[in-house]
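Please open the model in a viewer and keep the sequence panel visible. The stops below proceed from an annotated region to the whole chain and then to individual side chains.

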Amino acid sequence: MNHERPVRIGTLGSLREHLQWAIELEHATLPPYLTALYSLDPERNPAAV
């Protein structure tokens with residue numbers, strides 16, 4: 001198990017860096033979730049019903 005201390009965000013630059021990482025993560029995870037959601041739409045995929 002990894003017992004490293006959490007990273008402290010102590011400066012404005014560090015906060016911006018962490019927020020940028022969070023945005024990149026969100027942009028990486030949204031397309032697969034939206035693809036799955038659209039594939040379950042009965043009008044687009046009658047087999048999903």
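At which residues does UniProt place the feature "domain: Iminophenyl-pyruvate dimer synthase"? Select residues 19-46: the unreviewed UniProt entry assigns the feature to this range. The model on display is a predicted one. Within the selection, the chain is 75% helix and 0% strand. A distance drawn between the C-alpha atoms at the two ends of residues 19-46 comes to 40 Å.

**The whole chain**

Now clear the selection and display the entire protein as a cartoon. The protein has one helix and zero strands; the helix, α1, covers residues 12-39. The C-alpha trace spans about 50 × 30 × 10 Å along its principal axes.

Switch next to a surface representation. About 4,900 Å² is exposed by the protein, and 61% of that area is supplied by carbon and sulfur atoms. Of the 49 residues, 2% are buried.

**The segment before α1**

Select Arg-5, which lies in the segment preceding α1. Is Arg-5 buried or exposed? Its relative accessible area is 76%, so Arg-5 is exposed. Add Tyr-38 to the selection: 33 residues separate Arg-5 and Tyr-38 along the chain, and their C-alpha atoms lie 40 Å apart.

**A nonpolar surface patch**

Proceed to Ile-9, Leu-12, Leu-15 and Leu-19, and show their side chains. Together these four residues form a nonpolar patch on the surface, with an accessible area of about 360 Å². Centre the view on Leu-12, a member of the patch that is located in helix α1. Leu-12 counts as exposed because its relative accessibility is 52%, and the threshold for that class is over 50%.

**Charges and the salt bridge**

Colour the charged side chains by sign. The protein carries 4 positive and 6 negative charges, and the mean positions of the two sets are 13 Å apart.

Which residue forms a salt bridge with Arg-44? Select Asp-41 together with Arg-44: this pair forms a salt bridge in which the closest N and O atoms are 3.5 Å apart. The structure holds one salt bridge. The two partners fall into separate accessibility classes: Arg-44 is exposed, because its relative accessible area is 59%, whereas Asp-41, at 23% relative accessibility, counts as partly exposed. Both residues may be viewed against the annotated range, residues 19-46, with which the tour began.

Definitions and conventions: Residues numbered from 1 in each chain as written. Predicted model: local features only at pLDDT ≥ 70, side-chain atom pairs only at ≥ 80, totals over all residues. Heavy atoms only, no water. UniProt positions renumbered as here; feature names shortened; annotations may be inferred. Helix = DSSP H or I, 4+ residues; strand = E, 2+ residues; numbered from the N terminus. Patch = residues over 30% accessible without salt bridge, like charges linked within 9 Å, V, L, I, M, F, W, Y side chains within 5 Å. Areas by Shrake-Rupley, 256 points an atom, 1.4 Å probe, with all protein chains shown as cover. Buried < 20%, exposed > 50% of the residue type's maximum accessible area, 1.4 Å probe, protein only. Lys, Arg positive; Asp, Glu negative; His and termini not counted. Charge placed at Lys NZ, Arg CZ, Asp CG, Glu CD.
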